[in-house]
Amino acid sequence: MGATFDIGDSNTELRSVDHQRNLGSLKTALPSLVLGTNGSLEQLGGRAALRCTSPDYLPLVGAVPDRARFIEDFAALRKNANNKIDHKGGYFPNLYLNIAHGSRGLTSTPLCSEVLARIICAEVPALPRQLMTGLNPGRFIIRDLIRNKL
C-alpha cells in the first residue's frame, strides 16, 4: 500500500491522483482504518521515484554473462530450442548482479541476496533449478538466440 505503478510513466512528481488511488486501495484492504486526512499533498507528503525492472518483471540474480561467449556457447539453440547444452556458458569472473526487483524489492531482495550469496560461495542453490534459471541474467541472451534475434 502506498505506491503506484504505471507502465511507461516516468513522471517523478507527487500527484494527488496517485495519493487518492493509494488511499482507495488502503480503504478497500482495511476499511476500518481511519486516516484523518483529506489526501492533500501537504498532509500526506511522500516521494516519487523510478524502480529498475526487467522485461519479464523478474529480478536478475547471478553471475554476469559474457555476451559474446554466451552467443557462441548457446548457438545451437538458434536451430532447435530443445537442444541440450552440456555447459553453463561463459560468465565474467567475480561480477554479479542482484537488480531489477521493481516494485517487489522489499520482498524479493532478501531471498535473492541469499541466492546470490550461495552462488558466490558455490553452495547448494537456495531455490529449485527452474527458479534459478528464471533469475539468471543470461536468460535474455538465450531467449534472443531461440527467437533468432542474435
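Does Cys112 count as buried or exposed, and at what relative accessibility? In this predicted model, Cys112 comes out at 4% relative accessibility, so it counts as buried. Burial is not the general rule along the protein chain, where 26% of the 150 residues fall in that class.

The cysteines are worth following a bit further. A disulfide is a covalent bond linking the sulfur atoms of two cysteines. Searching the whole structure turns up zero of them, and the distances show why. For Cys112, the closest cysteine sulfur sits in Cys52, 13 Å away, which is too far for a bond. Cys121 doesn't fare any better: its closest cysteine sulfur belongs to Cys112, and at 16 Å that is too far as well. The cut-off for calling a disulfide is a sulfur pair within 2.5 Å.

As for the fold, the protein chain is built from six helices and two strands, running α-α-β-α-β-α-α-α along the sequence. Overall, the C-alpha trace spans about 60 × 35 × 25 Å along its principal axes. The radius of gyration is 21 Å, whereas a compact globule of 150 residues would be near 15 Å. Even so, plenty of contacts reach across the sequence: counting pairs at least 6 residues apart, 62% join residues at least 24 apart.

On the surface side, the protein chain exposes about 10,500 Å², with carbon and sulfur atoms supplying 56% of that area. Charge-wise, there are 18 positive and 13 negative groups, and the mean positions of the two sets lie 6 Å apart.

Methods: Residues are numbered from 1 along each chain as its sequence is written. This is a predicted model: local features need pLDDT of at least 70, side-chain atom pairs count only at pLDDT 80 or more; totals for chains, interfaces and linings use all residues. Side-chain values use heavy atoms; hydrogens and water are left out. Helices (H or I, at least four residues) and strands (E, at least two) are DSSP runs, numbered from the N terminus. The radius of gyration is taken over C-alpha atoms; the globule rule is 2.2 Å times the number of residues to the power 0.38. Buried means under 20% relative accessible area, exposed over 50%, partly exposed in between (1.4 Å probe, protein chains only). Contact means heavy atoms within 4.5 Å. Accessible areas come from the Shrake-Rupley method with a 1.4 Å probe; for residues, only the protein chains shown count as cover. Lys and Arg count as positive and Asp and Glu as negative; His and the chain ends are not counted. The place of a charge is taken as NZ of Lys, CZ of Arg, CG of Asp or CD of Glu.
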